[in-house]
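Work through these exercises with the structure open beside you. Try each task before you read its solution.

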Amino acid sequence: MQQSKREVLFNDAHLWVKEAGDIIKQSFITELNIQYKTNFSDLVTNVDKQVEQFFINKIHTKYVGHRVLGEEGFGDKEITTEGVIWIIDPIDGTTNFVNQQRHFAISLAIYEDGIGQIGIIYDVMSDEMYHCRSGEGAYLNDRPLSKLEKKPLSQSLIGINASWLIKNRKIDPSVLTPLVNEVRGIRSYGSAAIEIAYVASGRLDGYISLRLSPWDFAAGKLLIDEVGGVLTKIDGEEIELLKQNTIFAANPSVHEKILDTFILPKLK
Ligand code: 2AM
Ligand code: CA
């Protein structure tokens, strides 16, 4: 993508994410309408839907031909990696949004022909904007993020989504039990986008979560790439951008160690 075209796209994306953050903050004064999606812990609110529609209107008005893949399904159908696609989660961590009014994020990524161009994760209540233009480094607000350096497991904090404890087809949940003894601590924040951004900024050294969707990891993947981190499927294979993936994002030395010691020997 041309540098000048990408710059315009970035400025718009950055501005619209900020505006969407204001819409979410303003929503606190009105009553939320909460609905269940697949189960009682899978929530969506009128605000998730309103914010997704806000992005889609902005994008389709200014960028005819760009397509949008959004969690709430108001975007384009039949998405392929061809052309420019915006992958958006209007609120990542909806349960935190509903129960805590904090610890949720807007996640926005722009890919062209399957190649990442722009990644933004905005922790709205902390006013922390993680962003990158691929190949130009990653930033937290105006501060450049450092490249991730080697770290022993004994000094590492690992984020694990609690859904990991549920038995699944490929990996027994007990696989990670020994890891708990080897690391400094385990955390669970409830927003995949924030947790991946935390890996990119060194606040976490790894993050593991079952079956995430493109809007949960598309922006995070670009941030992680910029700081020399690794984001793969749980078995170390490349993620598939438009599919659900079990995600393992980490500092490179931590990724290698956990994969080789705890995961690969136990894969069914
Ligand atoms: P969401 O809030 O946008 O749905 C919760 O630990 C994290 O997992 C959140 O980032 C949440 O994103 C994500 N997640 C993905 N699929 C989910 C599901 N089916 N139910 C609840 N959370 C889900
Ligand atoms: Ca969401």
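**Exercise 1. The metal site**

Which protein atoms are the donors of the calcium ion (ligand 2)?

*Solution.* Keep in mind that this is a predicted model. Start at the ion. Glu-71 donates through OE, Asp-89 appears twice through OD, and Ile-91 gives its O. These donors lie 2.1 to 2.9 Å from the calcium ion. Next, read the spacing along the chain: E-x17-D-x1-I. Now place two of the residues. Glu-71 sits in the loop between β3 (67-70) and β4 (84-92), while Asp-89 belongs to strand β4, so the pair ties together parts that are 18 residues apart in sequence.

**Exercise 2. Burial of two donors**

Is Asp-89 buried or exposed? Classify Glu-71 as well.

*Solution.* Take the relative accessible areas one at a time. For Asp-89 the value is 0%. Buried means under 20%, so Asp-89 is buried. For Glu-71 the value is 23%, and this residue is partly exposed.

**Exercise 3. Two helices**

At what angle do helix α5 (residues 192-201) and helix α6 (residues 214-226) pack? Describe their contact.

*Solution.* The angle is about 5°, and the axes are 9 Å apart. Angles under 35 degrees count as roughly parallel. Therefore α5 and α6 are roughly parallel to each other. Then list the contact. From α5 come Ala-192, Ala-193, Ile-196, Ala-197, Val-199 and Ala-200. They meet Asp-216, Phe-217, Gly-220, Lys-221, Leu-223 and Ile-224 of α6. Sort these residues by class: nine are nonpolar, one is polar and two are charged.

**Exercise 4. The open sheet**

What is the strand order in the open sheet of five strands? Find its edges.

*Solution.* Read across the sheet: β11-β10-β12-β14-β13, with mixed pairing. Look at the ends. β11 (185-187) and β13 (230-233) each have a single partner strand, so one side of each is left without a neighbour in the sheet. Check the twist too. Neighbouring strands are turned by 20° against each other on average, direction ignored. Now zoom in on one pair. β10 (residues 157-160) and β12 (residues 206-212) run in the parallel sense and share three bridges. Gly-159 has Tyr-207 in β12 as its bridge partner.

**Exercise 5. Helices on the sheet**

Which strands does α5 lie across? Repeat for α6.

*Solution.* Begin with α5. It lies across β11, β12, β13 and β14 (245-250). Its direction is at about 150° to β12. Move on to α6. Helix α6 lies across β12, β13 and β14, and runs at about 145° to β13.

Technical notes:
Residues numbered from 1 in each chain as written. Chains lettered and ligands numbered in written order. Predicted model: local features only at pLDDT ≥ 70, side-chain atom pairs only at ≥ 80, totals over all residues. Heavy atoms only, no water. Donors = N, O, S within 2.8 Å, 3.2 Å for Na, K, Ca; no water. Helix = DSSP H or I, 4+ residues; strand = E, 2+ residues; numbered from the N terminus. Buried < 20%, exposed > 50% of the residue type's maximum accessible area, 1.4 Å probe, protein only. Axes fitted to C-alpha atoms, helices over the stretch in contact; angles between N-to-C directions. Parallel < 35°, antiparallel > 145°, perpendicular 65-115°, else oblique. Contact = heavy atoms within 4.5 Å. Nonpolar A, V, L, I, M, F, W, Y, C, P; charged D, E, K, R; others polar. Pairing = 2+ DSSP bridges.
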